[in-house]
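Q: Hi! I've just opened this one and could use a friendly tour. Where shall we begin?

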Amino acid sequence: MKSMCGSDTCVTYCEEFANLKSVDVFDQSVPTFIRQKPDFLDQVKIYISYNPPRNPYAWVNEWVTQCETDPEYFIDTSTYLDDELGFTTSQQLKLIERYKKNDPDYYRWLYLGEAVGLGTNVYNMDLFKVVDKIPDDEYITDIFYGMDTGFMVSATACVAMALTNQYNVYVLDTFYYDPTKYARKLSAQEQAERVHTFISEITSKYGLLPTNQTIDSADGGIYTQYWQMYNEQWSKVRKLGEPEMIDRVQDLAAQGRLHILKTQGNQILLDEHKKYQWDPATVNSDHPRVIKEFDHSCDALKYGVLDNEQLLGLAV
């Protein structure tokens, strides 16, 4: 939030307004700025701008709807279609058309600013392109990993991903250990050993060392064991809200860049993503949550994509 007063004007501007936790933050901040009003002005002009969340029940969408009937507010909207001066490059337009073709709902939200809703299924599985191999005209430039860890009753999943020269992402394979299937559970050391073996096999098969290895920030056991045993520190993911982390994967898929190789481990990943759903009790709320079942490879994929968003060209 920024404020500026000059000889004949006084304005306050709040950018990325939807990122505020609630309208209360805005209401509490405004008095600080408007009290700077010079005596010769009738009022301080307050401007806000934001991209509407896809959830129509997000606080900012509901608040703006209420403001539409308040004469104190002027509400305007714009999209890339209103660009009369040519700020949108041909490269951007091609990317937009790709979104429009692959995932019309995602396009409507991202580029038309419509609150299209969440539904209950988190992902459009038609966008998870299952393939037999990486095409001959593509080669891998980077391999990175995302891992969600568990112990007694929660599974551990490690997803190996590759970025190619065509800027596509291929899920190479998924390591998955479900402790509920065994009477004797693996220790943190044993899990670290198996994950290390999985990564070593991927490294040997594709001839590339990991560019990055990302782990759930809540983990302590496997992270510490791996560091002590192999002198390698995983990057602890800086988590965002669930919708924001999911959006990175949705963005990648909507661009047509997410591919899944046919492996036994990746079949588990696909099955979990098919079952991955929003909690119906929270969809029409300000803070939607996912159902925390069948989500271990989903979390691992999210962590890997989020922690490498700059590498993947997803960072804003």
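Q: Let's start with helix H8. Which strands does it lie across?
A: Helix H8, residues 264-275, lies across E4, strand E6 (156-164), strand E7 (169-177) and strand E10 (258-261). One thing to keep in mind as we go: this is a predicted model.

Q: Okay, noted. At what angle does H8 run to E7?
A: H8 runs at about 95 degrees to E7.

Q: Those strands seem to belong to a sheet. How many strands form it, and in what order?
A: There are 7 strands in this open sheet, and the order is E4-E10-E7-E6-E5-E8-E9. Its pairing is mixed.

Q: Which strands are at the edges?
A: Strand E4 (129-131) and strand E9 (235-236) are the edge strands, and each of them pairs on one side only.

Q: Let's walk in from E4. How does E4 pair with E10?
A: E4 and E10 run parallel and are joined by 3 bridges. As an example, Lys129 has His259 in E10 as its bridge partner.

Q: And what about E10 with E7?
A: E7 and E10 also form a parallel pair, over 3 bridges. There, Val171 has Ile260 in E10 as its bridge partner.

Q: Are the E10 side chains buried or exposed?
A: Buried, on both sides: Leu258 and Ile260 point one way from E10, His259 and Leu261 point the other way, and all are buried. As a general pattern, side chains in a regular strand alternate between the two faces of the sheet.

Q: Nice. Next is E6. Which way do E6 and E7 run, parallel or antiparallel?
A: Antiparallel, with 8 bridges between E6 and E7. One of the pairings puts Thr156 with Tyr177 in E7.

Q: And on the other side of E6?
A: That is strand E5 (residues 140-148), which runs antiparallel to E6 and is joined to it by 8 bridges. Met147, for instance, has Cys158 in E6 as its bridge partner.

Q: Why is E6 described as largely enclosed by the rest of the structure?
A: Because 9 of the 9 residues of E6 are buried. Both faces are covered: on one side sit Thr156, Cys158, Ala160, Ala162 and Thr164, and on the other Ala157, Val159, Met161 and Leu163.

Q: What happens in the hairpin between E6 and E7?
A: That hairpin has 4 residues between the strands, and Tyr167 there takes a positive phi near 70 degrees. Tyr167 is a residue other than glycine. Tyr167 counts as partly exposed because its relative accessibility is 38%.

Q: Where else is there a positive phi in a residue that is not a glycine?
A: Asn231 has one, at about 55 degrees. Asn231 is placed in the loop between helix H6 (221-230) and E9. At 67% relative accessibility, Asn231 counts as exposed.

Q: Since E9 came up, how does it pair with E8?
A: Strand E8 (residues 212-215) and E9 pair in the parallel sense over 2 bridges. Ile215 stands opposite Lys236 in E9.

Q: Back to the other edge for a second. What does Lys133 touch?
A: Leaving out residues up to four places away in sequence, Lys133 touches Tyr170 and Leu261. Lys133 sits in the loop between E4 and E5. Lys133 and Tyr170 are 37 residues apart along the chain, with their C-alpha atoms separated by 9.1 Å.

Q: Changing topic: where is Tyr111?
A: Tyr111 lies in helix H4, residues 104-112. With 22% relative accessibility, Tyr111 counts as partly exposed. Beyond residues up to four places away in sequence, Tyr111 touches Thr79, Tyr80, Leu95, Ile96 and Tyr99.

Q: What separates Tyr111 from Lys205?
A: They are 94 residues apart along the chain, and their C-alpha atoms are separated by 40 Å.

Q: Let's zoom out. How many helices and strands does the protein chain have?
A: The protein chain has 10 helices and 10 strands. Its C-alpha atoms fill a box of roughly 75 × 40 × 35 Å along the principal axes.

Q: And how much of the chain is buried?
A: Of its 316 residues, 42% count as buried. The accessible surface comes to about 17600 Å², and 48% of that belongs to carbon and sulfur atoms.

Q: Last one: how many charged side chains, positive and negative?
A: There are 29 positive and 47 negative side chains, and the centres of the two sets lie 5 Å apart.

Conventions. Residues numbered from 1 in each chain as written. Predicted model: local features only at pLDDT ≥ 70, side-chain atom pairs only at ≥ 80, totals over all residues. Heavy atoms only, no water. Buried < 20%, exposed > 50% of the residue type's maximum accessible area, 1.4 Å probe, protein only. Contact = heavy atoms within 4.5 Å. Pairing = 2+ DSSP bridges. Axes fitted to C-alpha atoms, helices over the stretch in contact; angles between N-to-C directions. Areas by Shrake-Rupley, 256 points an atom, 1.4 Å probe, with all protein chains shown as cover. Lys, Arg positive; Asp, Glu negative; His and termini not counted. Charge placed at Lys NZ, Arg CZ, Asp CG, Glu CD.
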